[in-house]
Amino acid sequence: MTEVRPEYNESFEGMLKRFNRKVQLDGVIREARRRSRFEKPLTRRKRKETATRRAAIKAARRVTTRR
């Protein structure tokens, strides 16, 4: 549960901005969208494998460009 307490002499807009930033960093909206519909285990596994492969390629590219 994301919670934001008002700081001294803070406007509502400032507090709302801090709340939105905190929700984005916590990944609440992303998680809610992901859980909004059922995903088959095979589909989930393939998506994770693709993400892992993409991350490995990106890391390899980063290593080769540093030299």
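# A walk through a predicted model

Let's begin with a small cluster of charged side chains: Glu7, Glu10 and Arg18 are joined in a network of salt bridges. What you have in front of you is a predicted model, so it helps to ask about confidence as we go. One link in this cluster runs from glutamate 10 to arginine 18, where the closest N and O atoms are 3.0 Å apart. Are these two residues buried or exposed? Neither word quite fits: glutamate 10 counts as partly exposed at 25% relative accessibility, and arginine 18 is also partly exposed, with a relative accessible area of 25%.

How many salt bridges are there in total? The count comes to six. Another of them brings together the side chains of arginine 5 and glutamate 3, with 2.8 Å from N to O. Arginine 5 is exposed, because its relative accessible area of 63% is over the 50% cut-off. Glutamate 3, at 44% relative accessibility, is partly exposed.

Now for confidence. The protein chain has an average pLDDT of 92, and 97% of its residues score at least 70. Where is confidence lowest, and where is it highest? Helix H2 has the lowest mean, at 90, while H1 has the highest, at 94.

Let's move to the start of the chain. Threonine 2 sits in the segment before helix H1, which covers residues 12-26. With a relative accessibility of 18%, threonine 2 counts as buried, because the cut-off for that word is under 20%. Which residues does threonine 2 touch, leaving aside its neighbours within four places in sequence? Its contacts are Phe19, Lys22, Val23, Asp26 and Val28. With one of these, aspartate 26, the link is also a polar contact between side chains, at 3.3 Å.

Asparagine 9 also lies in the segment before H1, but its surroundings tell another story. Asparagine 9 is exposed, with a relative accessible area of 71%. Look at its backbone too: the phi angle of asparagine 9 is near 60°, a positive value in a residue other than glycine.

Next comes helix H1 itself. How far apart are its end C-alpha atoms? They are 21 Å apart, which agrees with the 21 Å that the 15 residues of H1 should span at 1.5 Å a residue. Here is a handy idea to keep in mind when you look at any helix. An α-helix has 3.6 residues a turn, so residues three or four places apart point the same way.

Methionine 15 is a good residue to pick out in helix H1. Not counting residues up to four places away in sequence, methionine 15 touches Val4, Arg5, Pro6 and Glu10. Two of these names should be familiar. Arginine 5 is the salt-bridge partner of glutamate 3, and glutamate 10 is the partner of arginine 18. Along the chain, methionine 15 and arginine 5 are ten residues apart, and their C-alpha atoms are separated by 7.8 Å. After H1 comes glycine 27, whose phi is positive, near 75°.

Further along, we reach the loop between helix H2 (28-35) and helix H3 (41-66), where arginine 37 is found. Arginine 37 is exposed, with a relative accessible area of 60%. Its side chain makes a polar contact of 3.0 Å with the side chain of serine 36. To get a feel for distance, compare arginine 37 with arginine 62: they are 25 residues apart in sequence, and their C-alpha atoms lie 35 Å apart in space.

Glutamate 39 is found in the loop between H2 and H3 as well. Which residues does glutamate 39 contact, leaving aside its neighbours within four places in sequence? They are Arg44 and Arg47. With arginine 47, the side chains meet in a salt bridge of 3.0 Å, N to O, and the pair is also joined by a polar contact of 3.0 Å. Arginine 47 counts as partly exposed, at 38% relative accessibility.

Finally, step back to look at the whole chain. The protein chain is divided into domain 1, residues 10-36, and domain 2, residues 39-66. What separates the centres of the two domains? Taken over C-alpha atoms, the centres of domain 1 and domain 2 are 27 Å apart. You can now place some of our residues on this map: domain 1 covers 10-36 and so takes in helix H1 (12-26), while helix H3 (41-66) falls within domain 2.

How values were computed
Residues numbered from 1 in each chain as written. Predicted model: local features only at pLDDT ≥ 70, side-chain atom pairs only at ≥ 80, totals over all residues. Heavy atoms only, no water. Salt bridge = Lys/Arg side-chain N within 4 Å of Asp/Glu carboxyl O. Buried < 20%, exposed > 50% of the residue type's maximum accessible area, 1.4 Å probe, protein only. Domains from an automatic or database assignment. Helix = DSSP H or I, 4+ residues; strand = E, 2+ residues; numbered from the N terminus. Polar contact = N/O pair within 3.5 Å; in protein donor to acceptor, adjacent residues only side chain to side chain. Contact = heavy atoms within 4.5 Å. Expected span 1.5 Å × (residues − 1). pLDDT = per-residue confidence, 0-100.
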